[in-house]
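I pulled this one up to see what sits around the ligand and how the strands are arranged. My notes are below, in the order I looked things up.

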Amino acid sequence: MKAKSGNKPPRICETPSGMLSSIGFQNQGIEYFIETELPFLEKFDTAIIVNVCENKVEDYIEICKILNTLPIDGVELNLASPNIENKGLPFASSYEEVKKITANVREVLNKPLIIKLTPNVSNISKIAKGAEEAGADGVSLINTILGMKIDIEKRRPLLANNTGGLSGPAIRPIAVRMVYEVAKTLKIPVLGMGGIASYEDAIEFMLVGANAISIGSANFANPYTSIEVIKGIESYMRKYNIENINEIIGQVILN
Ligand SMILES: Cc1cc2nc3c(=O)[nH]c(=O)nc-3n(C[C@H](O)[C@H](O)[C@H](O)COP(=O)(O)O)c2cc1C
């Protein structure tokens, strides 16, 4: 909600088939978003979903009250950041916490609510269930996987924050497995992400149950990735005579 300068640099580094990042939620705050970023985004014919990350339940509630008044289409709560009220652990590391914060936010928010989940847990389906039970409209997964890279000459981590989040193709098989597990457990829609860089990757997620997909890291290498993925999905649909993309959601044939 308030402007944050984020973590000290270096905040990103390359790793095999991926990247590590530790940005620290740098942003210019809600006022800047309302005055500058939102008018820019409104020029495009697309849904606007705002990703929110706060430290305390009260802050999530306060910002959602503001978001209620804006011309946006939905809110995604990133519960992966450490929070003061949960002994410094992310809300998304526990079923109870996810259920509690989702219920609190659901009470005040009059827009579609998506809960973003962390993969740094042992049973992501159970945690996702907490979001569904408390009234979320959807869940998104996966966020980055905790990682670390060392410069052996300097004997120091490459990231100033020492550890960071691994993203990109390196995490894709983990993300596909988690989306598969969550999608078969939940009734609400699943937004899948983690290493998608081509239409083939996107189709994989849809076949295991993702109702929509999202692309992060691939944009660093190719800012046209999303457009290419859309065109590729269309060619896949033509190839297999698929009229509606929903025909393939969750249609993986298990061995
Ligand atoms: C540089 C960077 C910044 C990110 N910032 C956010 C963020 O502000 N909120 C959030 O929910 N996820 C954030 N993520 C996580 C991504 O949205 C995504 O869940 C993750 O990177 C896996 O997808 P990908 O492999 O396509 O990047 C960020 C990822 C990267 C690499």
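The entries cover the ligand site, then two sheets, then the salt bridges.

**Entry: the model.** I am working from a predicted model, so I keep that in mind for every distance I jot down.

**Entry: ligand shell.** I started with the residues around the ligand and got 18 of them. The ones that come nearest are Asn51, Ile142, Gly168, Gly195 and Ser217. Sorting the shell by class gave me 11 polar, six nonpolar and one charged residues.

**Entry: polar contacts.** Next I looked up N and O atoms facing the ligand's oxygen atoms. Asparagine 51 puts a side-chain N or O atom 2.9 Å from a ligand oxygen. For asparagine 78, a polar side-chain atom is 3.1 Å from an oxygen atom of the ligand. Glycine 195 uses its backbone: one N or O atom there lies 2.7 Å from a ligand oxygen. I then checked cover: on its own the ligand has 610 Å² of accessible area, and the protein covers 80% of that.

**Entry: parallel sheet.** I traced an open sheet of six strands, and its pairing is parallel. I read the order as β3-β4-β5-β6-β11-β12. At the edges are β3 (49-52) and β12 (212-213), each of which pairs on one side only. Asn51, listed among the residues nearest the ligand, falls within the range of β3 (49-52). Inside the sheet I looked at β5 (residues 113-116) against β6 (residues 138-141), and they share three bridges in the parallel sense. Isoleucine 114 stands opposite glycine 138 of β6.

**Entry: antiparallel sheet.** Which strands make up the open sheet with antiparallel pairing? I found four, in the order β1-β2-β10-β7. Its edge strands are β1 (12-15) and β7 (145-148), each pairing on one side only. Ignoring direction, neighbouring strands here are turned by 40 degrees against each other on average. I also looked at β7 with β10 (residues 163-167): the pairing is antiparallel and runs over four bridges. Methionine 148 has threonine 163 in β10 as its bridge partner.

**Entry: salt bridges.** How many salt bridges does the structure hold? I got six. I took a closer look at one: the side chains of lysine 129 and glutamate 132 meet at 2.8 Å, N to O. Both residues sit in helix α4 (residues 124-133). They are three residues apart, about one turn of the helix. Reminder to self: side chains of opposite charge can pair when their charged atoms come close.

Conventions: Residues numbered from 1 in each chain as written. Predicted model: local features only at pLDDT ≥ 70, side-chain atom pairs only at ≥ 80, totals over all residues. Heavy atoms only, no water. Near = heavy atom within 4 Å. Polar contact = N/O pair within 3.5 Å; in protein donor to acceptor, adjacent residues only side chain to side chain. Areas by Shrake-Rupley, 256 points an atom, 1.4 Å probe, with all protein chains shown as cover. Nonpolar A, V, L, I, M, F, W, Y, C, P; charged D, E, K, R; others polar. Pairing = 2+ DSSP bridges. Helix = DSSP H or I, 4+ residues; strand = E, 2+ residues; numbered from the N terminus. Axes fitted to C-alpha atoms, helices over the stretch in contact; angles between N-to-C directions. Salt bridge = Lys/Arg side-chain N within 4 Å of Asp/Glu carboxyl O.
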